[in-house]
Amino acid sequence: MTSRTELDRRTFLRLAGSTVAVGAAAVTSTAATAPAASAAGGGRRLVPPGKLGIQLYSIRDKVSSLGFRAVFERLSTLGYREVEFAGYTQGGVGAITPAEIRTLLDDNGLVAVGSHRGISDFARNLEAELDIAETLGMAHVGTANAPTNDRTVGGYLAAAEQFNAFGAAAAARGLKFYQHNHQHEFGFATDDPATRLYDVFLENTDPTAVYLEMDVFWAYVGRHLYPGFEPVEYVLAHRDRYPMFHLKDGRVNPQSSNGYDIVEFGVGDLDYQAFLGALAGSGRQHGIWEQDNASTVAEPPFPVDSFGNAERSADAILGLRAGG
């Protein structure tokens, strides 16, 4: 349990928040280039308090039962500065408009960094979706859907063309359109087992209009299932394509087909110290915590301890430091 003193300290740091983004600090440094140490000691934070985000799906039970107002108030005290939406409704709490959500964000010092919407939402109501994104003040809008269920080279080429159209429309509004990966995007085409589908999508989407949000956990599951790549190498080779990352932790489980189980951040086996440290100098990425595994005791399935997960994960993420 976090003490009141620690909570107040973290809230102060959030309000004083740095404008430096994820990965702005190097993994190692010399005396001439070493980042300033914090009052708590150690190197500069790899995820500064001002850039810590949360995917609201992680606390979907609280959004549904308490509503955005109470959720945003709580997130603000936990050190979160940015939120990524997973829908714009609040369950049984009552109807709410995007303009009303924006007011609640502003009232709590939060920024909408992005939103996950279905591909079908953009296909049917593209301009309306972009209107909502503008109202909420977000810089990014996108989807967590795979580009297509057609896992052929031709299917992914057609999907790239569709995403280019979405991206061009978003860019015309000053927005960045993005796709969030799961594991199977890293698989191989059914009609060409030597071709990785993620590569087809990456190489055939417009780098000025279509961006990628790497879910680091699912990228490592993809590496387990479809060997031959390293997640961080995609980022280093295409730095400008990755404005956001999902910081989701995983624990190795040889009994799982995925190779990992989703766990609370800081208790897993994924080396985020090395991953984020490797992004030194890019200075643009947003770190978004997510924990999307659910209890099986409720219907629909909800997290077991979502605010607790969020609080402890915030502490663990903010504890990552360059050279640590």
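**Exercise 1. Decide whether Tyr198 is buried or exposed, then describe its ring pair.**

Tyr198 has a relative accessible area of 2%, so this residue is buried; buried means under 20% relative accessible area, exposed over 50% and partly exposed in between, with a 1.4 Å probe and protein chains only. Before going on, please note that this is a predicted model, in which local features need pLDDT of at least 70, side-chain atom pairs count only at pLDDT 80 or more, and totals for chains, interfaces and linings use all residues. Residues are numbered from 1 along each chain as its sequence is written, and side-chain values use heavy atoms, with hydrogens and water left out.

Next, look for partners: the whole structure holds 23 aromatic pairs. Rings of Phe, Tyr and Trp (its six-membered ring) pair if their centres lie within 6.5 Å; planes under 30 degrees apart count as stacked, over 60 as edge-to-face and the rest as tilted. Tyr198 and Tyr234 have ring centres 5.0 Å apart and planes at 70 degrees, so they make an edge-to-face pair. Tyr198 belongs to helix α6 (residues 197-204) and Tyr234 to helix α8 (residues 231-237), so helices here being DSSP runs of H or I with at least four residues, numbered from the N terminus, the pair links parts of the chain 36 residues apart. Finally, Tyr234 is also buried, at 9% relative accessibility.

**Exercise 2. Find what surrounds Phe163 in helix α5 (residues 153-172).**

Start with exposure: Phe163 is buried, with a relative accessible area of 0%. Now list its contacts (heavy atoms within 4.5 Å). Leaving aside neighbours within four places in sequence, Phe163 touches Ile119, Thr143, Pro147, Phe177, Gln179, Phe201, Thr205 and Val210. Then turn to the rings: Phe163 forms one aromatic cluster with Phe122, Phe166, Phe177 and Phe201. Of these, Phe122 is 41 residues away in sequence, with a C-alpha to C-alpha distance of 9.7 Å from Phe163.

**Exercise 3. Work out how the span of helix α2 (residues 60-78) departs from that of a straight helix.**

First, take the expected span, 1.5 Å times one less than the number of residues. For 19 residues a straight helix would span 27 Å, whereas α2 covers only 16 Å between its end C-alpha atoms. Then search for a bend, the angle between axes fitted to the seven residues ending at a residue and the seven starting there. At Gly67, α2 bends by about 120 degrees. Gly67 is among the buried residues of α2, as are Phe68 and Val71. Last, check what comes after the helix: Gly79 follows α2, and its phi is positive, near 100 degrees.

Conventions
Helices (H or I, at least four residues) and strands (E, at least two) are DSSP runs, numbered from the N terminus.
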